[in-house]
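Visitor: I would like to learn how to read salt bridges in a model. Where do we start?

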Amino acid sequence: NMMRSTFGRNCMAVRDMDVAAEVIGINVFLTKLRAFAVSSFYCGMAGVLWAFAFVGTVEPQAFDLDRSLQILFMAIIGGLGSIMGNFLGAAFIMLLPILMSMLGALFFGRAVDASVIAHVEQVVYGALIIWLLIVEPHGLVRLWQIGKEKLRLWPFPW
């Protein structure tokens, strides 16, 4: 709803070209200030929910560099500039360790150490980020849109 409001349209105009947005009468400073406030609110609420629901406590060790990079990877892999991309990136980053553990147990039995799986996950993250930035810069959300379009036109592609 926010993206379809006046504020959302102002944000998109400032994102695309702030000089042109200012020429058509949008207060660029106020729009950027509001966008910062809204993003700070959402980040704060996400941190609170993550700390109390997932971790169970608030401690500085829970917010380390690895967690920050994981959140950055969610945004890059999902697709920058889209709301659906954030959800897809978060789902991918959260489900990848579970999938890797299941595949490790399936193919190698219980002989695989958890640290090996963690290192393989980091390699998969890095390779996927490089591949997505080269092949599909809009991330998983664009691949999702392409797949939906192909399925919609599937029997008759013309």
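Guide: With the rule: a salt bridge is a side-chain nitrogen of Lys or Arg within 4 Å of a carboxyl oxygen of Asp or Glu. The model here is predicted, and side-chain atom pairs count only at pLDDT 80 or more.

Visitor: How many salt bridges does this rule give?

Guide: The count is three.

Visitor: Which residue forms a salt bridge with Arg15?

Guide: Asp16 does, with 3.3 Å between the closest N and O atoms. To place such a pair relative to the surface, use relative accessible area, where exposed means over 50%. Asp16 is exposed because its value is 56%, and Arg15, at 54%, is exposed as well.

Visitor: What does Lys32 pair with?

Guide: The side chain of Lys32 meets that of Asp18, at 3.8 Å from N to O. This pair links distant parts of the chain: Asp18 lies in helix H2 (residues 18-23) and Lys32 in helix H3 (residues 28-55), 14 residues apart. Partly exposed covers values between 20% and 50%. Asp18, at 33%, is therefore partly exposed, and Lys32 is also partly exposed, at 44%.

Visitor: How far apart, N to O, are the side chains of Glu149 and Arg152 in their salt bridge?

Guide: The distance is 2.8 Å.

Visitor: Why are Glu149 and Arg152 separated by about one helical turn?

Guide: Because they are three residues apart in helix H7 (residues 140-152).

Visitor: Is Glu149 exposed or partly exposed?

Guide: Glu149 is partly exposed, at 37% relative accessibility, whereas Arg152 counts as exposed, at 59%.

Note on methods
Residues numbered from 1 in each chain as written. Predicted model: local features only at pLDDT ≥ 70, side-chain atom pairs only at ≥ 80, totals over all residues. Heavy atoms only, no water. Buried < 20%, exposed > 50% of the residue type's maximum accessible area, 1.4 Å probe, protein only. Helix = DSSP H or I, 4+ residues; strand = E, 2+ residues; numbered from the N terminus.
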